[in-house]
2 protein chains.
Amino acid sequence: MILRRIYNLLLSPEKEFTRSLRLILGFTPRNLSLYHQAFHHASVTEEGAINNERLELLGDSVLNMVIADLLFRKFPNRREGFMTEMRSKIVSRAQMNEIAFQMALPNFIRRSHSIRNLRENDLLGNALEALIGAVYLDLGYKGAQRFVLDKMIAPHLNIAALEKIDYNFKSKLINWAQSNKKVCLFKVMDEKRADHRILYKIGAFIDEVEQGVAESFNKKQAEQQAAELACKSLGI
Amino acid sequence: MILRRIYNLLLSPEKEFTRSLRLILGFTPRNLSLYHQAFHHASVTEEGAINNERLELLGDSVLNMVIADLLFRKFPNRREGFMTEMRSKIVSRAQMNEIAFQMALPNFIRRSHSIRNLRENDLLGNALEALIGAVYLDLGYKGAQRFVLDKMIAPHLNIAALEKIDYNFKSKLINWAQSNKKVCLFKVMDEKRADHRILYKIGAFIDEVEQGVAESFNKKQAEQQAAELACKSLGI
């Protein structure tokens with residue numbers, strides 16, 4: 001009787017953790033310590049101790065690869081530029097934060113008590129990536145791929161809708177400049193032949209000050225990337 | 001007899017291709033068309049036709065993931081910053097070009113006749129990444145992982161030596177400024193609390209003109225990244 005109570009006292013939190021995890025993962029986790037690590041935010045770690053940042057790096061790679069594979073098969077006739085753009089939309093920080101929120105990850109993440117409002121907080125998306133890393137180490141690539149596709153993408157993302165969204169940083173920057181009475185200019189700073197194509201180096205300038213530079217064989221893409229960097233650097 | 005000659009005429013180039021491929025891959029390729037596509041450079045493609053760029057995107061993801069996994073296991077006690085840096089060193093364009101050259105990929109790549117000197121040409125590294133993508137589609141993740149580790153990394157890369165190389169962009173930029181009689185300054189442009197840590201925004205300035213900006217929780221890393229962007233933008 002006493003043994004049973006000790007047993008319950010020691011094991012039931014882990015049992016509870018396993019049960020809730022199973023709902024999110026769709027399978028019974030094997031190596032629990034991986035998942036504890038995935039939910040361990042740096043704000044509750046002493047300097048140098050283990051938090052979820054290593055797993056996040058691993059999970060980020062798994063995610064990128066699963067999505068590349070998905071897009072490769074789903075869009076057999078689209079060029080790599082389209083696929084790169086689609087992938088950026090799918091794995092964007094905002095998207096990952098939102099999916100993590102919908103998957104109820106805030107209930108799992110161990111963090112400093114002072115971090116209250118988690119919605120749109122990057123630590124959500126980071127923990128989700130760390131979770132992918134944990135699943136990869138627990139089940140291997142195939143298992144992680146299934147988790148990403150069945151538990152993250154299928155219920156929470158509409159790829160057809162994402163395809164139509166235009167992340168147009170150039171018009172975003174131009175609009176911002178106009179409402180702030182600034183001059184926005186895109187200049188071709190360099191053109192060079194490489195690989196038998198022309199590589200464009202394009203800068204986005206606000207009031208003559210360079211705010212972003214990008215290179216691409218595709219002029220429009222270079223402008224978009226330069227505009228994106230400019231938006232970032234100006235906090236737009 | 002005639003049939004046999006026709007048979008040989010039609011099949012022997014493919015047989016030869018398979019035989020040479022096997023030497024590089026370490027296994028007999030199944031779906032040859034994937035490998036033909038991997039070696040098909042854009043310079044011999046009509047607009048819109050299939051070249052190796054889609055496979056390159058896929059292979060790049062596989063490579064990043066295999067290396068993340070390798071580093072995760074090889075360096076169990078290192079932080080994510082170290083792993084990110086090591087991965088950048090391993091998968092750098094220069095490194096990939098060199099490995100592709102050592103693996104004799106120039107013999108395989110179909111390209112415009114005017115492209116002669118392939119050493120250090122980015123199309124080499126790109127074709128190697130496309131080849132990884134082809135192996136992934138042909139054999140799956142495990143097979144691609146084996147190919148990357150056994151045929152690319154083990155024979156051609158010394159990870160312990162790479163660990164010691166310091167890609168110090170800050171000192172590169174400072175040295176360049178000194179020999180060109182320019183003033184190089186790193187300024188903290190912003191400090192904000194995020195995730196309960198301090199996020200530094202640091203700019204690299206040459207003669208008061210901003211040449212690169214980067215953010216990181218690690219001040220030194222933000223300086224390095226800002227310096228790297230500055231080196232890039234100045235063509236150093």
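In this predicted model, 100% of the interface residues of chain A are also interface residues in chain B, so the two copies meet through the same surface. The contact draws 28 residues from chain A and 28 residues from chain B.

On the side of chain A that touches chain B, three helices each supply at least two residues: helix H3 (53–74), helix H4 (80–90) and helix H6 (122–139). Among these, H3(A) gives the most, with 12 residues. In chemical character, the residues on this side of chain A divide into 12 nonpolar, 7 polar and 9 charged.

The arrangement of the two chains may be considered next. Two copies of a chain are related by a rotation about an axis and a shift along it. Here, a turn of 180° and a shift of 0.0 Å along the axis lay chain A on chain B with an RMSD of 0.2 Å. This is the relation of a two-fold axis.

Attention now turns to the interior. In soluble globular proteins, nonpolar side chains tend to be buried together. The largest nonpolar core in this model has 81 residues. Those with the most contacts inside this core are Ala127 and Ile132 of chain A, together with Ala127 and Ile132 of chain B. Ile132(A) illustrates such contacts: leaving aside residues up to four places away in sequence, Ile132(A) touches Gly59(A), Val62(A), Leu63(A), Ala144(A), Phe147(A) and Val148(A). Apart from the largest core lies another core, of 15 residues, which includes Phe169(B), Ala204(B), Phe205(B) and Leu229(B).

Technical notes: Residues numbered from 1 in each chain as written. Chains lettered and ligands numbered in written order. Predicted model: local features only at pLDDT ≥ 70, side-chain atom pairs only at ≥ 80, totals over all residues. Core = buried A, V, L, I, M, F, W, Y, C linked by C-beta atoms within 7 Å. Buried ≥ 20, exposed ≤ 12 C-beta atoms within 10 Å, placed from the backbone. Contact = placed C-beta atoms within 7 Å. Least-squares fit on C-alpha atoms with pLDDT ≥ 70 in both. Helix = DSSP H or I, 4+ residues; strand = E, 2+ residues; numbered from the N terminus. Nonpolar A, V, L, I, M, F, W, Y, C, P; charged D, E, K, R; others polar.
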